[in-house]
Amino acid sequence: VESDMKYNVTPAAYDKSVALAKLVKYLWIEAYEELVGQEFVATYCPKVLHFVGSPEYEKSGGSMVLGTAEGGLKITLFNVNGLNPENPDAEILNEWYFKTMHHEFAHILHQKRNYDPSFDRITEGKYVGSDWYFYVAENGNSYLREDADAWPEGFVTAYAMSEAREDFVENIAMYVTHDQAYWDNMLKVAGTAGAAIINQKFTIVYNYMLETWGINLDDLREIVLRRQQEIPELDLSTIE
């Protein structure tokens, strides 16, 4: 049984699975293959892609799980039945699947060869664990924490505030799936202090990917964003 028995989830529909499999191949596997070659993909890409129809929710607080990576062998993607193959909206696909693919694969890479531990110390006292998705304001009320709320604190997403390892891979996933205009706006909203922290972290991330894996994140982003624009040209209804 591939699914975690602690959760009630539903199977992925066949047509949705076919569509997502083609998207995964085109936007993730072949993007890396285009940049660093088939040998890299064959060596480090997981051998099992596990699709679950419904979302999975954390027991600790109800936050939604979009994907998991297990020991470099398997990546699980959730909410597959939320995919609309007839009208694939790039923004929704980015949030639910594309970013998750790169996020989980980045976990596999750092599990193979760890990154500079100085990254973990940059915002060491600001990680909030499973409480990442909400915060308590000075008035005592609780609010959902949006990504923009995390930027001034030096994090690229709200989820990055959960723990250092998630912070690290969120930098990779957000960078390669968003254009420079998005990144520049994030730094602007983050303010001087927040932007300085984000840039400090990203320098470590960028150098790790380049020096450890030979992956230039600027080149990878160019490939990923180009392929995102080519989605309407794909036939997502059949297996080829």
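Me: In which helix does N171 lie?

Reply: N171 lies in helix α6, and since everything here is read from a predicted model, the values below are computed ones. At 1% relative accessibility N171 counts as buried, because the cut-off for that word is under 20%. Leaving out residues up to four places away in sequence, N171 touches F119, V156, W183, F202 and V205.

Me: Before going further into single residues, how many helices and strands are there in the protein chain, and what percentage of its residues count as buried?

Reply: The protein chain has 8 helices and 7 strands, and 48% of its 240 residues count as buried. About 11,900 Å² of the chain is exposed, with carbon and sulfur atoms supplying 50% of that area. Among the contacts with a separation of 6 or more, 74% are accounted for by residues 24 or more positions apart.

Me: How should I read the largest nonpolar core, and which residues in it touch the most other members?

Reply: In soluble globular proteins, nonpolar side chains tend to be buried together. Here the largest nonpolar core has 62 residues, of which L20, F40, F105, W183 and L217 touch the most other members. The elements giving two or more residues to this core are α1 (14-36), α2 (38-44), β5 (74-77), α3, α6, α7 and α8 (217-229), and the largest share, 13 residues, comes from α7.

Me: What is F40 in contact with, apart from its neighbours within four places in sequence?

Reply: With those neighbours left aside, F40 is in contact with Y32, C45, F105, L109, W213 and I215. Several of these names return in the aromatic cluster that is formed by W28, Y32, F40, Y44, F105 and W213. W213 has a further partner in R113, whose charged end sits over the ring of W213 at 4.3 Å from its centre.

Me: How is a pair of aromatic rings described, and how many aromatic pairs does the count come to?

Reply: A pair of aromatic rings is described by the distance of the centres and the angle of the planes. The count in this structure comes to 21 aromatic pairs. One of them joins W132 and Y133, whose ring centres are 5.8 Å apart and whose planes stand at 75°, so the pair is edge-to-face; both W132 and Y133 are buried. Y175 and W183 form another edge-to-face pair, with 5.0 Å from centre to centre and 90° between the planes, and here too Y175 is buried, as is W183.

Me: Which residue lies over the face of Y175, and how far apart are D218 and Y175 in sequence and in space?

Reply: R221 lies over the face of Y175, at 4.0 Å from the ring centre. D218 and Y175 are 43 residues apart in sequence and 8.4 Å apart in space, taken from C-alpha to C-alpha. D218 has its place in helix α8 and is partly exposed, with a relative accessible area of 33%. Not counting residues up to four places away in sequence, D218 touches Y175 and Y206.

Me: How should I read a salt bridge, and how many does the structure hold?

Reply: Side chains of opposite charge can pair when their charged atoms come close. The structure holds 9 salt bridges, one of which is the meeting of the side chains of K99 and E170, at 3.5 Å from N to O. K99 lies in helix α3 (residues 90-112) and E170 in helix α6 (residues 164-177), so this pair ties together parts that are 71 residues apart in sequence. K99 counts as buried at 9% relative accessibility, and E170 is buried as well, with a relative accessible area of 2%.

Me: With which residue does D167 form a salt bridge, and are the two partners buried or exposed?

Reply: D167 forms a salt bridge with K201, the closest N and O atoms being 2.6 Å apart. Since D167 lies in helix α6 and K201 in helix α7 (residues 180-213), the pair ties together parts that are 34 residues apart in sequence. Both D167 and K201 are buried.

Me: Which residues do salt bridges that share partners join into one network?

Reply: Take first the salt bridge of E230 with R226, where the closest N and O atoms are 3.4 Å apart; R226 is partly exposed, with a relative accessible area of 35%. Through shared partners, salt bridges join K25, E30, E34, R226, R227 and E230 into one network.

Note on methods: Residues are numbered from 1 along each chain as its sequence is written. This is a predicted model: local features need pLDDT of at least 70, side-chain atom pairs count only at pLDDT 80 or more; totals for chains, interfaces and linings use all residues. Side-chain values use heavy atoms; hydrogens and water are left out. Rings of Phe, Tyr and Trp (its six-membered ring) pair if their centres lie within 6.5 Å; planes under 30 degrees apart count as stacked, over 60 as edge-to-face and the rest as tilted. Buried means under 20% relative accessible area, exposed over 50%, partly exposed in between (1.4 Å probe, protein chains only). A charge sits over a ring if NZ of Lys or CZ of Arg is within 6 Å of the ring centre and within 35 degrees of the ring normal. A salt bridge is a side-chain nitrogen of Lys or Arg within 4 Å of a carboxyl oxygen of Asp or Glu. Helices (H or I, at least four residues) and strands (E, at least two) are DSSP runs, numbered from the N terminus. Contact means heavy atoms within 4.5 Å. Accessible areas come from the Shrake-Rupley method with a 1.4 Å probe; for residues, only the protein chains shown count as cover. A nonpolar core is a set of buried Ala, Val, Leu, Ile, Met, Phe, Trp, Tyr and Cys residues joined through side-chain atoms within 4.5 Å.
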